Amino acid sequence: MFSAADTGFMALALQLAELGRYTTSPNPNVGAVIVKNGQIVGRGYHKQAGGPHAEVFALQEAGSDARGATCYVTLEPCSHHGRTPPCAEALVAAGISRVVIAMQDPNPQVAGKGAAILRNSGMQVDIGLLDTQARALNLGFLSRMERQRPYVRLKLAASLDGRTALANGDSKWLTGEAARADVQHFRAQSCAVLSTATTVLADNARLNLRAEQLQQDIGRLDSGELRQPKRVILDRNGLLKHDLAIFSDGGEVLLCVSKLENDRQLPNIARQIHCPLNNDAQFDIAALLQHLALREQVNTLWVEAGATLAGTLLQLKLVDELIVYLSPKLLGNAAQPLAVLPQYTALTQVPELSWSDIRVVGQDIRLTANLL
């Protein structure tokens with residue numbers, strides 16, 4: 001069904017889609033390439049939520065050359081009126097003769113409907129070219145649409161002997177500057193950062209995006225504004241006060257509480273969200289993740305917290321990727337553990353993971369694993 005040329009043009013569309021990885025949330029990353037007589041006449045990618053989609057930019061560049069051309073797009077063209085008009089109708093109006101789509105859009109408002117509009121116009125539509133690569137570009141968006149929860153990345157920093165802090169809580173700085181800058185790239189691609197009031201108070205943490213550590217990538221962005229990810233903080237006991245650094249940068253802070261307090265005085269950037277308790281009188285984290293996906297449009301959730309929340313997420317199998325920055329230090333047996341987990345009595349009970357990436361970042365090693 002697909003030629004070598006088709007594959008090459010779709011690969012380029014995927015490269016274009018990746019350029020929007022810092023700015024499209026909560027929309028997916030999408031790239032488009034228009035080809036006529038073997039030559040590229042238009043290209044584009046979705047740059048920012050609320051702005052034109054990839055197909056629109058590609059059609060603008062192609063102009064009249066779009067008539068009779070083939071459009072390669074990494075996600076099924078939209079069929080509904082949102083903040084922008086339907087891209088499927090724009091492709092029909094431009095006279096495109098064939099559309100090659102990497103994958104169907106899982107959004108119920110679109111799924112199959114965009115392709116139907118194209119086919120009903122008499123256009124040839126082929127779906128499924130490099131679909132695995134297209135899915136990898138939008139793990140968070142797909143998770144929100146298909147599982148009704150965000151794609152969860154749990155970040156931990158540990159010593160070579162698997163400890164996160166000294167017994168007295170001292171952990172600054174366990175990892176080096178390069179690792180801390182690397183974290184900024186993950187925060188920038190995340191819709192929200194999840195942590196606890198205990199973690200915030202320990203270092204008066206901001207948990208924010210620091211654009212100065214992303215200059216190399218920012219320089220490649222021709223449009224789109226970097227946004228602070230939402231900070232989602234488990235604050236059951238109302239510990240976070242106005243004067244903390246987390247409230248000073250303008251980014252939104254969501255305080256998770258078991259009971260909304262109407263008389264609680266909060267900074268303008270903060271608001272409370274209700275998180276129910278489970279049978280153990282602890283926050284129901286699964287319910288919180290569903291709320292973040294369905295109500296807050298969180299595609300990808302970056303978790304930076306202590307051993308207790310890390311252990312809870314791992315036990316509940318709510319972690320999609322575990323990312324550990326391993327420092328060449330030894331903290332000793334009395335130091336704090338990586339995650340609070342139950343005492344297993346057999347190896348068959350132990351959570352299993354699969355390595356997906358191992359690389360050196362400055363003086364540290366970044367280990368990435370997926371839960372099986």
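**Backbone features and helix packing in a predicted model**

Pro-26 sits in the loop that runs between α1 (4–18) and β1 (31–36). In this predicted model, the peptide bond joining Ser-25 and Pro-26 is cis, with omega at about 5 degrees. Most peptide bonds are trans, and most residues other than glycine have a negative phi.

Two loop residues are of interest for their phi values. Gln-148 lies in the loop between α6 (139–147) and β6 (151–159), and although not a glycine, Gln-148 has a positive phi, near 55 degrees. Its relative accessible area is 30%, so Gln-148 is partly exposed, falling between the 20% limit for buried and the 50% limit for exposed residues. Asn-204, in the loop between α8 (197–203) and α9 (215–218), likewise has a positive phi, near 50 degrees, in a residue other than glycine. Asn-204 also counts as partly exposed, at 35% relative accessibility.

Positive phi values also turn up just after two of the helices. Gly-95 follows α3 with a phi of about 85 degrees, and Lys-317 follows α11 with a phi of about 55 degrees.

Helix α3 itself spans residues 87–94, and within this helix Cys-87, Ala-88 and Leu-91 are buried. Viewed down the axis of α3, these buried residues fall within an arc of 110 degrees, and therefore line one face of the helix. Their packing partners are two helices, α2 (54–62) and α4 (113–120), together with the strands β3 (70–73) and β4 (98–101). In helix α11 (residues 307–315), the buried set consists of Ala-307, Leu-309, Ala-310, Gly-311, Leu-313 and Leu-314.

Turning to the chain as a whole, the protein contains eleven helices and 16 strands. Its radius of gyration is 23 Å, which agrees with the value near 21 Å for a compact globule of 372 residues. Along the principal axes, the C-alpha atoms fill a box of roughly 70 × 45 × 40 Å. Half of the chain is out of reach by the criterion used here: 50% of the 372 residues count as buried. Among contacts between residues at least 6 apart in sequence, 69% join residues at least 24 apart.

The surface completes the picture. The protein chain exposes about 17500 Å², and carbon and sulfur atoms supply 49% of this area. Charged side chains number 35 positive and 35 negative, and the centres of the two sets lie 2 Å apart.

Notes. Residues numbered from 1 in each chain as written. Predicted model: local features only at pLDDT ≥ 70, side-chain atom pairs only at ≥ 80, totals over all residues. Heavy atoms only, no water. Buried < 20%, exposed > 50% of the residue type's maximum accessible area, 1.4 Å probe, protein only. Helix = DSSP H or I, 4+ residues; strand = E, 2+ residues; numbered from the N terminus. Arc of directions from axis to C-beta. Contact = heavy atoms within 4.5 Å. Rg over C-alpha atoms; globule rule 2.2 N^0.38 Å. Areas by Shrake-Rupley, 256 points an atom, 1.4 Å probe, with all protein chains shown as cover. Lys, Arg positive; Asp, Glu negative; His and termini not counted. Charge placed at Lys NZ, Arg CZ, Asp CG, Glu CD.
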